[in-house]
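Please find below my notes on the model, set out as numbered points. I have kept to what can be computed from the coordinates, and the criteria are given where each term first appears.

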Amino acid sequence: MSTTHDAAVRYQSQAVQTAPGPQLLVMLFDRMAADIEIAERALDGNDLWTTNERLQHAQQIVRILRHSLQPDGFEGGRTLLGLYDLLLGELVDANLKKDPAQIHRCAEIVTPLREAWRRAVAEPEGRHEQRQQIGRAHV
């Protein structure tokens with residue numbers, strides 16, 4: 001079992017390392033959404049360690065997104081930066097208070113952002129210029 005697990009981890013690591021910029025954003029949002037969902041379930045089961053770990057990992061992802069964002073590189077960049085700041089604050093506060101409603105609010109922030117990035121990445125080639133701007137939004 002360890003060999004299979006190690007192979008899966010290596011495959012996932014390679015997929016992340018070789019993903020194009022826009023696809024990497026989708027992968028980060030997918031992981032953040034999963035972290036928040038796991039934290040919600042863990043808190044329901046009174047598993048505070050897992051809740052903490054998953055919320056901290058989601059915070060790390062927001063910090064990565066925030067750090068890589070070039071807010072002046074596209075229209076709406078400053079708004080997106082503000083959303084990242086809001087989300088980070090909510091994640092930190094939710095973890096400190098272990099508040100299920102606040103964790104759920106984090107999911108409500110992440111879900112539309114995640115879907116927007118998915119749609120942007122999946123746009124047909126006719127929208128090539130817009131996708132290039134998205135790719136430049138995060139370095």
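1. A search of the whole structure finds one aromatic pair (rings of Phe, Tyr and Trp, the last by its six-membered ring, with centres within 6.5 Å; planes under 30 degrees apart count as stacked, over 60 as edge-to-face and the rest as tilted). The pair is formed by Phe 29 and Tyr 84, whose ring centres are 6.4 Å apart and whose planes meet at 40 degrees, so the pair is classed as tilted. The pair links distant parts of the chain, since Phe 29 belongs to helix H2 (residues 21-44) and Tyr 84 to helix H4 (residues 77-97), 55 residues apart. Helices here are DSSP runs of H or I with at least four residues, strands are runs of E with at least two, and both are numbered from the N terminus.

2. Are the two aromatic residues buried or exposed? Phe 29 has a relative accessibility of 0% and counts as buried, and Tyr 84, at 1%, counts as buried too. The classes used throughout are buried for under 20% relative accessible area, exposed for over 50%, and partly exposed in between, with a 1.4 Å probe and protein chains only.

3. On provenance, this is a predicted model, in which local features need pLDDT of at least 70 and side-chain atom pairs count only at pLDDT 80 or more, whereas totals for chains, interfaces and linings use all residues. Residues are numbered from 1 along each chain as its sequence is written, and side-chain values use heavy atoms, with hydrogens and water left out.

4. The protein chain has six helices and zero strands, so that, in the order from the N terminus, its elements read α-α-α-α-α-α. Of the 139 residues in the protein chain, 34% are buried. Among contacts (heavy atoms within 4.5 Å) between residues at least 6 apart in sequence, 61% join residues at least 24 apart. The exposed area of the protein chain is about 8500 Å², of which carbon and sulfur atoms supply 54%; accessible areas come from the Shrake-Rupley method with a 1.4 Å probe, and for residues only the protein chains shown count as cover.

5. The helix geometry was checked against the expected span, which is 1.5 Å times one less than the number of residues. For H2, with 24 residues, the expected value is 34 Å and the end C-alpha atoms are 35 Å apart, which agrees. For helix H3 (residues 48-68), with 21 residues, the expected value is 30 Å and the end C-alpha atoms are 30 Å apart, which also agrees. Just after H2, Asn 46 takes a positive phi of about 60 degrees.

6. The buried residues of H2 include Leu 25, Val 26, Leu 28, Met 32 and Ile 36, and also Asp 35. In H3, the buried set includes Leu 55, Ile 61, Val 62 and Leu 65, together with Arg 54 and Gln 59.

7. The search finds 10 salt bridges in the whole structure (a side-chain nitrogen of Lys or Arg within 4 Å of a carboxyl oxygen of Asp or Glu). One of them joins Glu 37 and Arg 41 at 2.7 Å, N to O; these residues are four apart in helix H2, which means that about one helical turn separates them. Glu 37 is partly exposed at 45% relative accessibility, as is Arg 41 at 48%. Another joins Arg 78 and Asp 72 at 3.0 Å, N to O, and both of these residues are exposed.

8. Which residue forms a salt bridge with Arg 105? The partner is Glu 90, with the closest N and O atoms 3.6 Å apart. Because Arg 105 lies in helix H5 and Glu 90 in helix H4, the pair ties together parts that are 15 residues apart in sequence. Glu 90 is buried, at 18% relative accessible area, whereas Arg 105 is partly exposed, at 37%. Leaving aside neighbours within four places in sequence, Glu 90 is in contact with Gln 102, Arg 105, Cys 106 and Ile 109.

9. Two further items deserve a look in the viewer. Asp 30, Arg 114, Glu 115 and Arg 118 are linked in a network of salt bridges. Glu 108, placed in helix H5 (residues 100-122), is partly exposed with a relative accessible area of 48%, and its C-alpha lies 9.9 Å from that of Leu 87, 21 residues away in sequence.
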